[in-house]
Amino acid sequence: MPQQSLPTHARVVIVGGGVMGVGLAYHLAHEGWGGDTVLLEKAELTSGSTWHAAGQITHSTSSFGLGKCVDYNIGLYSGKLEAETGQAVTWHGCGSFRLAYTEDEMDWLRHTLSVGTALGFNIELVGPERIAELHPFYNLEGVLGALHTPDDGHVDPTNVTMAMAAGARQKGVRIFRHTRATNITQAANGEWVVETEKGTITCEHVVNAGGTYARQMGEWSGLQLPMTSMTHHYFVTEPVPEFQSLDRELPVIRDDRKVSGYIRMEQKRGLIGIYEKTNPNAVWIDECPWDHENWLFDADYDRVMPWLEESLNRMPIFANLGIQRAVHGTISHPPDGNPLIGPAPGVRNYWCCCGTQIGIGWGPGLTRELARWMVHGAADISMREFDPRGFGAYATKDWQVVKAKEDYCLRHEIPFPHFNRLAGRPVKPSPLYERLKEKGAVYEEVYGHERPRWFARGIEQRDHYGFGRTPVHEMVATECAAVRTAAGIMDISAFAKVEVSGPDAGALLNRLTANRLPQRVGGIALTHMLNRRGRIELETTVVKLEQDRYYLVCAAFFEQRLLDHLTVHRGTAEITVRNLSTDWAALALNGPRARDILAACTDADLSNAHFKWLTAQQITVAGHSLWAMRMSYAGELGWELHIPRDHALAVYDALWAAGEGHGLTDYGSFAMNALRMEKAFKGAGELTNEVTLAEADVLRFARTDKAYLGRDKTLNAGNLPWVCAYLEIEPDGRFDGNGGEAVRLNGQVIGSTASVAYGHTVGKILAFAYVKPQVNVPGTEVEVIIAGQPRKGRILGAPAYDPDNARPRTDLQAEPVR
């Protein structure tokens, strides 16, 4: 049958026919957009990175969101897709092991076990005897244990993609092969114009699913999409004599330490995949050649030889066999390893579906969520870690390559909590960077900014990693104690800072925020912006600087999301938006001595009568004009000071000089997190696109007497599937939890933790958890699975610290906490 002619218009045009592009077409069709979707592929479907994928998929992931995707994908591959389409998928449900040789690796597996338990996976932690029983050929010398995931397996990448293509076509999607896109531009009316070798299509939504071509495709539209093509090897051996008589397929082995990769059966042969940890290879840095189809590079044995040799030591039955096939192909690596799934920054209706390291393992689940996002306005899992707007202009091409190489080398390393990726930094140091570094600051990167995590006092100035407590625990305890008993100062310059002004500024913000805007100049309001499904886009503090001028402050990674949200919904509003995130710095000064310290540096009256709680004033500190905001994320008497960048260091130095006699101490984000947990202040882990204001239990910040985007959906959510609970957990002195842990009641899983931290002031582990609504009753006793062990927990009805919120409002010298 001749291929149909290219249409001139469509609602959606997807460019790229690998597992990601086809997966999105399939899921858009299932969301009702099948007849309005066109997919373009320059060659044959799967002829890019998809065709040479090894095709493994596993439940052993510590990412809660990816875990949901993986579980969906395995269900799709193991029966649903073939039953729906009639197209063979070739699923091998052989199960898998992830091995551990060290206690740190065992801790990782224990945490993954808890996450998997929360998600309802078939998952268990086993010893060497069970591994040997199911896989008698692997050399288990030094192995302490493994995570066994019996429902895992591998699948033929081409068959999966072709089956989803068949399912998409059945629901009306039109797929055009041998139709290369040559340009993507946006028309004056906001529509997208996709030029191809066979004609031009105008569409409402365009999707970049270009795989190794995605970055250069983005450049057509003036976009900088950060990803780099890295090459990866796997090898297929000659037939293995010991495999010939097996009546079952051996489980896949993931050996992160010795092999830095995976080993499995490929029919009756062996397959060895390696992610070498030195000298990773980046290719096509400027441009991927357009004529490359089903492309492979020659094997580079020198680069992978140490790990290849060790794989033969681990599988001795391979040692005397030859390599029958070497597959050396490209994989896209974004800077942090997370795929780019969602809206491109700065434009409307340009969607990214690219930058995916593990397309077979992650792709269908992620594309299902992207389809929901496009059609309904929000995905059903948190997409924060995949959002393409998580990178700014700092993500230059050279920086992308540095970070992609780093990510490749980390592919089979332990994903420690708070793992700090150091390559290519600093990018956007604050004015205080060198001063605080000299004082022991250990930094983290957030949206390119360097932010202090904690300060080294008597220990090595570096990150100390572990799933349990590390020496950093005591450093954070010191910082928390200073804030509670004296005063602490923190560089919070990384916060996104945006000014919105103009005659329509108030009206626009009023219809985008759930809370009442501040009515008086100097007023402060905490509020949320929602999407049309009533889910949370972001939380922001709004300060009214003048009658038609507002200042918005939110978490650093929301910077581009906030800018885009304002742009997309501004309509004809007469406003000016200024991004001050880099031009302005900010300091947080908190603690019972904060007023004394600040008063020594300013002539402003800081008493309650003249400087009320949740108000802002323009004052002069150490001779420099700045905005002082009386608010405290730590739950103490305090101010945030927002300062033009060039004056920040002078203000800090003056405050430090005034504060030394009052016990002023530097603190970082780890202490900030522990302090906010003691106050039951919700943060990024709780406020995601998955939840409405009711589910997040923040309806007190929503108004019923005004109209705003998402209002009816969030106020009339009906029966809630879950709600955010606040709980304390019995400590054991070693493991406090890291988020994602299963919460149980009477032996049944009823939810999972979102954020966990040890409250040093109250001596308790504190957590937010999304649980079934009927469980969220103060006093209810639950179990939380931490490091593989059940721990007693109890639902709390009030903050563990200062439940009446008296301390931030105080006008008198607060008594130190004893």
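**Notes on the predicted model**

1. Let's start with the sheet. It is an open one built from five strands, ordered β25-β26-β27-β24-β28, with antiparallel pairing. The edges belong to β25 (524-530) and β28 (576-579); each has a single partner strand, so one side of each lacks a neighbour in the sheet. On average, neighbouring strands here are turned by 30° against each other, direction ignored. Bear in mind that this is a predicted model.

2. Have a look at the β25 edge. Strand β25 runs antiparallel to β26 (residues 536-546), and seven bridges join the two. If you want a register marker, take Met-529, which sits opposite Leu-538 in β26.

3. Next, the helix on this sheet. Helix α13 (residues 559-569) lies across β24 (496-501), β25, β26, β27 (549-554) and β28. Its direction makes an angle of about 20° with β24.

4. On to His-473, which you'll find in helix α11 (residues 472-485). His-473 counts as buried because its relative accessibility is 13%, under the 20% cut-off. Leaving out residues up to four places away in sequence, His-473 touches Asp-736, Tyr-758 and His-760.

5. Finally, the cysteines. How many disulfides does a search of the whole structure find? Zero. Cys-288 is in no disulfide, and the nearest cysteine sulfur, from Cys-354, is 13 Å away; a disulfide would need the two sulfurs within 2.5 Å. Cys-288 is also buried, at a relative accessible area of 1%. Cys-94 counts as buried too, with 13% relative accessibility.

Definitions and conventions: Residues numbered from 1 in each chain as written. Predicted model: local features only at pLDDT ≥ 70, side-chain atom pairs only at ≥ 80, totals over all residues. Heavy atoms only, no water. Helix = DSSP H or I, 4+ residues; strand = E, 2+ residues; numbered from the N terminus. Buried < 20%, exposed > 50% of the residue type's maximum accessible area, 1.4 Å probe, protein only. Contact = heavy atoms within 4.5 Å. Pairing = 2+ DSSP bridges. Axes fitted to C-alpha atoms, helices over the stretch in contact; angles between N-to-C directions.
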